[in-house]
Amino acid sequence: MIFNVFNNLWNTIVEFVKQSGIAGFFANGGWGNLIMLAIACVLIFLAVKKDFEPYLLIPIGFGMLLVNFPGNTGLLEGGDAFIGFLQKGLPVYPCLIFLCIGATTDFGPLIANKKTMLLGAAAQIGIFITFIGAIAIGKAIPSLGWGPGIASSIGIIGGADGPTAILVTNILAPEKLSIIAVVAYSYMALVPVIQPPIIKALTTKEERKIKMDTVRNVTKQEKILFPIVVSFVTILIVPSCAPLIGCLMLGNLVKESGVVPNITKALANSLMYIVTIILGLCVGGKATAEIFISLDTLFIFALGVIAFSIATASGVLFGKLMCKLTKGKVNPMIGAAGVSAVPMAARVVHKVGQEEDPENFLLMHAMGPNVAGVIGSAVAAGVLLLLFK
């Protein structure tokens, strides 16, 4: 009888171990889970220790951690599952983030110097060149299965706009969402590392020292009319950009109207952080070993840095052209801020300028193309969705 008791106890322990996550590491594909858990820890480390996009990389890393414990599929599958339920809102979260961004953005520098809108547009060239490159790779390596949808998602990384990349990918290539999101936000965090060498390689010391005239004061009426006019023009031309541009401009109109300060405060603070953490968990929840550990990931990481580098270079080169046409009144470096990483890219331009001349203040001048880049990336996303949705 004692033997039977011990035998039953032993069988219970064995069955428990088999059902535990620990046993899953020794099953087929368990090594993939270990790799993904390691990647999740690296993302959390970079966010906490190195301050790389912590507001998003922490929830992405933790979401990745949660879903890669073996046997933990209950978090993923089914409408009532935790992350699975949150993921139903993926088409909406990027738009809500744009609404919040609009409530924190000052379009004054862009309104004061409208020609910098061209620099924001020039930086979007990286999106379309990378799109063409991804199409070419897809044809050269058919096993990748890359079509226009995936190529669009990869190209949009060049805009350095995480929410836009997530929206486009969720519609055109949802199976690549986790990879695209991690790559997009990784390169956004690396703006201070990637951009300075490109800026310095394409500009001379004399060009980097150019001081620009003080930006004029913009009236309240101009700031209120701006989001309305931009919405009219962009949405009439590219209707599919309405969700992003509409939310961005609504948030900005709420801010500039000055009559609803409590809503502005809620958008700029509470809602922004709530949506960011939910979005991060959703993206991390899609980063399973089966999806993330593949040849695709390596190609996407490589193309991501190419996209971002081309976008930066395009902005700087167009800035050089503008510098020549204005007889040296425009510092070409501000073209590098045409990517959508606000305000990080503008700060990088300002810092590089101060390295050459501590009395050269370029931050406000760089903010013009920087906020134009937000609009430009949303319009570029609208074009891709219009063509390939």
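# A guided tour, beginning at helix 10

Select Gly149, Ile150, Ala151, Ser152, Ser153, Ile154 and Gly155, which are the buried residues of helix 10, and keep in mind while looking at them that this is a predicted model. Helix 10 spans residues 148–155, and because seven of its eight residues are buried, the helix is largely enclosed by the rest of the structure. To see what does the covering, add helix 9 (125–140), helix 11 (162–172), helix 12 (177–189), helix 19 (295–325) and helix 21 (363–388), which are among the elements that lie over these buried residues.

**Salt bridges between helix 14 and helix 20**

Move next to Lys205, Arg208 and Glu356, which are linked in a network of salt bridges; the structure holds 10 salt bridges. Show the side chains of lysine 205 and glutamate 356, whose N-to-O distance in their salt bridge is 2.9 Å. This pair links distant parts of the chain, with lysine 205 in helix 14 (residues 205–208) and glutamate 356 in helix 20, 151 residues apart. Lysine 205 is partly exposed, with a relative accessible area of 44%, whereas glutamate 356, at 17% relative accessibility, counts as buried because the limit for that class is under 20%.

Glutamate 356 also forms a salt bridge with arginine 208, where the closest N and O atoms are 3.0 Å apart. Since glutamate 356 lies in helix 20 and arginine 208 in helix 14, this pair ties together parts that are 148 residues apart in sequence. Here both partners, glutamate 356 and arginine 208, are buried.

Now select aspartate 357 and lysine 211, whose side chains meet in a salt bridge with an N-to-O distance of 3.6 Å. Aspartate 357 belongs to the loop between helix 20 and helix 21 and lysine 211 to the loop between helix 14 and helix 15, so that the pair links parts of the chain 146 residues apart. Aspartate 357 is buried, with a relative accessible area of 18%, while lysine 211 is partly exposed at 44%.

Glutamine 354 is another residue to pick out in helix 20 (residues 344–356), and at 25% relative accessibility it counts as partly exposed. Its C-alpha atom is separated by 8.4 Å from that of lysine 209, although the two residues are 145 residues apart along the chain. Not counting residues up to four places away in sequence, glutamine 354 touches Asn360 and Phe361.

**Aromatic pairs**

The count of aromatic pairs comes to four. For one of them, select tyrosine 55 and tyrosine 273, whose ring centres are 5.3 Å apart and whose planes meet at 25°, so the pair is stacked. Tyrosine 55 is in helix 4 (residues 54–67) and tyrosine 273 in helix 17 (residues 261–285), 218 residues apart. Tyrosine 55 counts as exposed at 56% relative accessibility, and tyrosine 273 as partly exposed at 41%.

Then go to phenylalanine 107 and phenylalanine 226, where the ring centres are 5.0 Å apart and the planes are at 40°, so this pair is tilted. Phenylalanine 107 lies in the loop between helix 6 (93–102) and helix 7 (108–112) and phenylalanine 226 in helix 15, so the pair ties together parts 119 residues apart in sequence. Both of these phenylalanines are buried.

**Last stops**

Return to helix 17 and select threonine 276, which is buried, with a relative accessible area of 9%. Leaving aside neighbours within four places in sequence, threonine 276 is in contact with Tyr55, Leu56, Pro59 and Ile97.

Finish on the surface with Leu225, Ile228, Val229, Phe232, Val233, Leu236 and Ile237, which make a nonpolar patch of about 710 Å². Valine 229 is found in helix 15 (residues 220–237) and counts as partly exposed at 47% relative accessibility.

Key. Residues numbered from 1 in each chain as written. Predicted model: local features only at pLDDT ≥ 70, side-chain atom pairs only at ≥ 80, totals over all residues. Heavy atoms only, no water. Buried < 20%, exposed > 50% of the residue type's maximum accessible area, 1.4 Å probe, protein only. Helix = DSSP H or I, 4+ residues; strand = E, 2+ residues; numbered from the N terminus. Contact = heavy atoms within 4.5 Å. Patch = residues over 30% accessible without salt bridge, like charges linked within 9 Å, V, L, I, M, F, W, Y side chains within 5 Å. Areas by Shrake-Rupley, 256 points an atom, 1.4 Å probe, with all protein chains shown as cover. Salt bridge = Lys/Arg side-chain N within 4 Å of Asp/Glu carboxyl O. Phe/Tyr/Trp six-rings, centres within 6.5 Å; stacked < 30°, edge-to-face > 60°.
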